[in-house]
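Here are some exercises to work through with the structure open beside you. Try each task before you read its solution.

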Amino acid sequence: MAEGKQYWLFKSEPESFSIADLEKAPKKTAFWDGVRNYQARNTLRDKVKLGDGVLFYHSNADPSAIVGTAEVVKAGYPDHTAWDKKDHHFDAKSDPKNPTWYMVDIKHIETFAAPITLPSLKKEKPLADMVLLQNSRLSIQPVSEKQWNYIQKLSKKSATRS
DNA sequence: GCCAACGTTGGC
DNA sequence: GCCAACGTTGGC
């Protein structure tokens, strides 16, 4: 592999898919379908690799927070839900011979004992340049190794404190 | 190719 | 539920 392990943040509304759903899934593994944004698609298709680390983020939640981690167990492949007329994410324009949308598979690693909420993330100076904190609506975001390690540390700290 | 209208995301 | 930010669509 040309590059070492990379890190990402995946956003999901817990109403539609939460980290608890991932943990309950068979083999604690699920496919990350339904991405219908080109920038996020490009990341899933071209950049996210087997073995990469994923921060699981609950958006539109109370409170919104990073709730745990997962690992990429299958790199980008066509999102078949785009061809399922009954699926909420159906897209008539995606051609099976030249798929528009992609997804990856992730496996649950850890659910944080105490989620790291958005307000507490904002207070951490070393995380100030996280894409998440830049007013970004992007659902698949890059995370630096430094940010990843810092968040790992934070999750241990808040777990013992609460 | 510009840009106004419209739709969606997501924090609050 | 409101609304700011921003992505997408479509008329020209």
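**Exercise 1.** Over the face of which ring does Lys74 lie?

*Solution.* Start from the definition: a charge sits over a ring if NZ of Lys or CZ of Arg is within 6 Å of the ring centre and within 35 degrees of the ring normal. Lys74 lies over the face of Tyr77, at 3.9 Å from the ring centre.

Before going on, a word on the model. It is predicted: local features need pLDDT of at least 70, side-chain atom pairs count only at pLDDT 80 or more, and totals for chains, interfaces and linings use all residues. Residues are numbered from 1 along each chain as its sequence is written, chains are lettered from A and ligands numbered from 1 in the order in which they are written, and side-chain values use heavy atoms, leaving out hydrogens and water.

**Exercise 2.** Describe the aromatic pair of Phe10 and Trp32.

*Solution.* First, recall the cut-offs: rings of Phe, Tyr and Trp (its six-membered ring) pair if their centres lie within 6.5 Å, and planes under 30 degrees apart count as stacked, over 60 as edge-to-face and the rest as tilted.

Next, apply them. Phe10 and Trp32 are 5.0 Å apart centre to centre with 55° between the planes, a tilted pair.

Then place the partners. Phe10 belongs to strand β1 (residues 7–12) and Trp32 to the loop between β2 (29–31) and α2 (38–47), so the pair ties together parts that are 22 residues apart in sequence. Here helices (H or I, at least four residues) and strands (E, at least two) are DSSP runs, numbered from the N terminus.

Finally, widen the view: Phe10, Phe17, Trp32 and Phe56 form one aromatic cluster.

**Exercise 3.** Which residues surround DNA strand B, and which parts of the strand come within 4 Å of the protein?

*Solution.* Begin with the neighbours, meaning residues with a heavy atom within 4 Å of the strand. They are Lys11, Tyr57, Ser59, Asn60, Ser64, Leu118, Lys122 and Arg137. Sugar and phosphate account for 72% of the atoms of DNA strand B that come within 4 Å of the protein.

Now look for polar contacts (for protein and DNA, a pair of N or O atoms within 3.5 Å). A side-chain N or O atom of Lys11 is 2.7 Å from a phosphate oxygen of DNA strand B. Tyr57 places a polar side-chain atom 2.7 Å from a phosphate oxygen of this strand. Arg137 uses a backbone N or O atom, 2.9 Å from a phosphate oxygen of DNA strand B.

Notes: A polar contact is a pair of N or O atoms within 3.5 Å; within protein, one must be able to donate a hydrogen and the other to accept it, and residues adjacent in sequence count only if both atoms are side-chain atoms.
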